[in-house]
Amino acid sequence: MTTDRDTGLTITTLAERPELAVGMWTMPDTWPEFIAHDRVGAALLRWAWQELRDYAFVATDPAGTVVAKAYSVPFALHAEGRGTLPDGGWDQVLQWAFTDRARGVGPDTVSAIEITIRPGLLGRGLSGRMLAAMRENARARGFGEVVAPVRPSAKHLEPATPMSEYAYRVRESDGLPADPWLRVHVRAGGVIEKVAPASMTVSGSPAEWREWTGLPFDTAGAVEVPSGLVPVHCLPERDLAVYVEPNVWVRHAL
């Protein structure tokens, strides 16, 4: 448990304060509706915070209100048949963590899964503090590395820009990433390794996408949606629309 004397912000693992589980799960957030329909996440994210409470983090303000949460998962990156960070990104690492735990395979790496800040408190450095807590927890448990399939926070403003171009864009002033969330990771010691081209996949009918986004989804082709990092590919003749989100793998040596 750590408490910031200036702000009164307290960060703990969920294992230390299990009574905050409901507050974590129900905390308001700014995630777009369609992200909740990634089938891997829908199946395994609740498992992660229920079964891996030593790797889940919660921040509360002096009044005890949950203001931020974070999840991470231990997994065996260097198991036979793996060894490199997967193109499947977020979806793949969640599946690896789940199968490793079910089979009793010892982990050698920790992956960040989510850091979420309560709306209205963005831009105050909370995300960096949650990342630091995640790194310190992994270090204390004997891990030498944290990896993260990062969802760049400003990429949704440029859905047509290839992630392979966007991820490596830097500021002239200091050489740090142009994207704010990637910049937090690099300032914390992370190194951008590569793009995960299929980190999350959301499939649904055009009717479901209309419900999730409020857009018509009545013509074939690419559809840009609010908060989407890339367009959704709409196939009305097949009653299908698919979103395949790229993320950016960042390595944090501990």
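Q: In this structure, which residue does the side chain of glutamate 165 meet in a salt bridge?
A: The model is a predicted one, and its glutamate 165 counts as partly exposed at 45% relative accessibility. The partner counts as partly exposed too, at 29% relative accessibility. The side chains meet with an N to O distance of 3.5 Å, within the 4 Å that a salt bridge allows, and the partner of glutamate 165 is arginine 169.

Q: How many residues apart in sequence are the parts that the salt bridge between aspartate 54 and arginine 141 ties together?
A: The side chains of aspartate 54 and arginine 141 meet in a salt bridge of 3.5 Å, N to O. Aspartate 54 lies in the loop between helix 2 (39-51) and strand 3, whereas arginine 141 lies in the loop between helix 4 (126-140) and strand 6 (145-150), so the pair ties together parts whose separation in sequence is 87 residues.

Q: Are aspartate 54 and arginine 141 buried, partly exposed or exposed?
A: Buried would require under 20% relative accessible area and exposed over 50%. Aspartate 54 has a relative accessibility of 34%, and arginine 141 has one of 38%. Because both values fall between those two limits, aspartate 54 and arginine 141 each count as partly exposed.

Q: How far apart are the closest N and O atoms in the salt bridge of arginine 171 with aspartate 174?
A: Arginine 171 is partly exposed, with a relative accessible area of 27%, and aspartate 174 is partly exposed as well, with 37%. In the salt bridge that arginine 171 forms with aspartate 174, the separation of the closest N and O atoms is 2.4 Å.

Q: Which residues are joined into one network by salt bridges that share partners?
A: The structure holds 11 salt bridges. Where salt bridges share partners, they join into one network the residues Glu145, Glu193 and Arg251.

Q: Which residues gather in a patch of negative charge on the surface?
A: One member, glutamate 33, is found in the loop between helix 1 (21-26) and helix 2, and is partly exposed with a relative accessible area of 43%. Another member, glutamate 208, is found in helix 7 (residues 206-213) and is partly exposed at 35%. Since a patch takes residues with over 30% relative accessible area and no salt bridge, these two values satisfy the area cut-off, and the patch consists of Glu33, Glu208, Glu211 and Asp239.

Q: Which residue's side chain is joined to that of glutamate 33 by a polar contact of 2.9 Å?
A: Glutamate 33 sits in the loop between helix 1 (21-26) and helix 2. The polar contact of 2.9 Å runs from the side chain of glutamate 33 to that of histidine 37.

Q: Is threonine 60 buried or exposed, given its relative accessibility?
A: Threonine 60 has its place in strand 3 (residues 56-60), and a polar contact of 3.1 Å joins its side chain to that of arginine 17. The relative accessibility of threonine 60 is 3%, so with the limit set at under 20%, threonine 60 counts as buried.

Q: What is the approximate phi of phenylalanine 217?
A: Most residues other than glycine have a negative phi. Phenylalanine 217, which lies in the loop between helix 7 and strand 8 (221-223), is buried with a relative accessible area of 3%. Although phenylalanine 217 is not a glycine, its phi is positive, at about 50°.

Methods: Residues numbered from 1 in each chain as written. Predicted model: local features only at pLDDT ≥ 70, side-chain atom pairs only at ≥ 80, totals over all residues. Heavy atoms only, no water. Patch = residues over 30% accessible without salt bridge, like charges linked within 9 Å, V, L, I, M, F, W, Y side chains within 5 Å. Areas by Shrake-Rupley, 256 points an atom, 1.4 Å probe, with all protein chains shown as cover. Lys, Arg positive; Asp, Glu negative; His and termini not counted. Charge placed at Lys NZ, Arg CZ, Asp CG, Glu CD. Helix = DSSP H or I, 4+ residues; strand = E, 2+ residues; numbered from the N terminus. Buried < 20%, exposed > 50% of the residue type's maximum accessible area, 1.4 Å probe, protein only. Polar contact = N/O pair within 3.5 Å; in protein donor to acceptor, adjacent residues only side chain to side chain.
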